[in-house]
Amino acid sequence: MNRYPFEYEKSKPFLQQVGEWVADVFYDILPEAGFEVRDEQIYMAYQLERAFADKATIFAEAGVGTGKTLVYLLYSICYARYTGKPVIIACADESLIEQLAKPEGDLAKLAKHLDLAIDARLGKSPDKYLCLVKLDQAREKDAEAELFESVAAELPGFVYRSAAMQSFHAYGDRKQFPHLNDEQWERINWDPFQDCFVCDRRHRCGQTLSRDHYRGSADLIVCSHDFYMEHVWTYESRKREGQLPLLPEHSAVVFDEGHLLEAAAQKALTYRLKHSVFEALITRMLEGEVRESLALSIEDALQRSDALFHLLEKTSVEIAGSDRLRIPVDDALLKEIGLFRKALDRVEEELVFESELYTLNDYHLKIVEEHLEMMQRALVLFARSEPPICWAQDSAEGLTLVIMPRAVKEVLRERVFSQRMPVVFSSATLSAGGSFDYVADSLGIDKYLSFRVDSPYEYEEKMEALAVRWAGKPSLDEKTRKAMELIRRTDGRALLLFPSKEELGRFKRAGEEARRYVDYPFYFEGEREISDLISSFQNDERSVLAAVTLWEGLDIPGPSLSNVIVWTLPWPPNDPVFEARRNASGNPYAEVDLPYMQLRLRQGVGRLIRTREDRGIVALLDERLTESEELRSVVQELLPAGVELRLEQ
């Protein structure tokens, strides 16, 4: 069987032959199957050929309808087979992974029309998997124990048997439990405080078994930005612990919706400290016979931890529209952190002496040492002249201290972009004002290739854009009534985009009465697993989908999506991360807030027209567009050429 989908000639450069085959695919093979020829695809193909040949980083900005996904998939498959290492396709989130991998997605199209066997496997983030320990706890103690008992009953038989496993099949993925809402799922899924290293269920855990499966991919591993960044940050520590890195060696990376990578990088490098987790971990050292000095140092560290979190509980304040609590970084906090760090130093010193006596379990000792090292790496950030970004989050199990470095580009430059391999950023929104420098600088990319191609669609004839003219600041009920009026205008078939879960929740409650008098099914993000909701929305033509995370990547061609309603303009949230960016900027509005809003709104508008036959409305309900001519001009510039934003009563 031929290794490549074309006859390979050793005398000719490999990537030149790939380019010739790709041209044949787009000019001959796919058109014969009913696809249209797109010159934009051919242009993009030649640009990617350069990047793969030079092992360079490239920003590929291609508008809706250019078929950019097919181009990078074809090059990635061929390059993986040429190098003998898979290519990583990193999507912005899990819903985009499903869009790519679903039965009617781009991978399936290529396999079918090119008669090509593609080995593409999914590597999902840990929090998208069931935790057997948390599930057992929920079955015993949760108010919805019966629901979680039914979840356990759905698991494969080998999970609860003590006999050796004879066969394996994937299980425990969030997608396999679509009926659970997000809140129910979070009570049984993996979270950062699960102590997987000492879990006696880890060898039958769906997350662990799935990891073994995707490692064997010959062509592509499809994962999220979050997961790829977690692989990068944990690579060295996992090797020190004798574990395999999260992802195998790979030959190239494609970041789909690459403009969102910085946020994923910051999230992956975030440290989370919790008193209850530290207490449970460190007291394991006291289970055997240990020296009195070690026991006293552990007791002191626990007291200092308790004092720190008690201070956080007293001083942290709520942030409107956010589940994050602001922490004042003052002398009192810095003093308490300093005392805690000294206590941790003493524990680490005592553990060194204790380990020489061989009285401790080596495995447990290693886990504790890794946890202490993580805590020290996090807390030492407060010793810098400019403290880290930090906040607190509250839950039934107590407060969590979250610590994030201010800049990640130095780490990205060293661990990702200094590697000698092709890196492709693909998105319809990578440039700002015609330049890619904004994204490149935020990621630590010093040298790159770039190109941009516009969408081939005739938006002037297909898209209507309107902003509602409000008489003063509208109430929640007024905005809800206007949204329902717009939904009736297209007989359902609408996507409502919200900037936050709180805004979506307010609309959901305010419109409850109105929804009784219309026969459109309404789907709300969070009620079920997201890809299941998207499928229902796509297949139920007159339905309405309200979402927070679907500004990017949602691909619903045809009449099922004929109306995009933007509840408010998507300005960055009022949280510690963006506060830090604003404080570090000379012009926060122009350098932080506006670019964020522009990129996100361009993406949201791009959900409407997905094929040449699509048409519909984009409606903006933000009252600030009534008040500000300057803001209307900003939005007008974001719209496709020929589409005029008009004010409507």
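Are Phe-59 and Phe-425 buried or exposed? Phe-59 is buried (under 20% relative accessible area with a 1.4 Å probe, protein chains only; exposed is over 50%, partly exposed in between), and Phe-425 is buried as well. This is a predicted model, in which local features need pLDDT of at least 70 and side-chain atom pairs count only at pLDDT 80 or more, while totals for chains, interfaces and linings use all residues. Residues are numbered from 1 along each chain as its sequence is written, and side-chain values use heavy atoms, with hydrogens and water left out.

**Aromatic pairs**

- Rings of Phe, Tyr and Trp (its six-membered ring) pair if their centres lie within 6.5 Å; planes under 30 degrees apart count as stacked, over 60 as edge-to-face and the rest as tilted.
- The count by this rule is 28 aromatic pairs.
- Phe-59 and Phe-425 form a tilted pair, 5.0 Å centre to centre with 45° between the planes.
- This pair links distant parts of the chain, 366 residues apart: Phe-59 lies in strand β1 and Phe-425 in strand β11 (strands are DSSP runs of E, at least two residues; helices are runs of H or I, at least four; both are numbered from the N terminus).
- Phe-59, Phe-255 and Phe-425 are among the members of one aromatic cluster.

**Helix α7**

- The buried residues of helix α7 (residues 145-154) are Ala-145, Phe-148, Val-151 and Ala-152.
- Seen down the axis of α7, these residues fall within an arc of 110°, so they line one face of the helix; the arc is that of the directions from the helix axis to the C-beta atoms.
- On the other side of α7, Glu-146 and Ala-153 are exposed.
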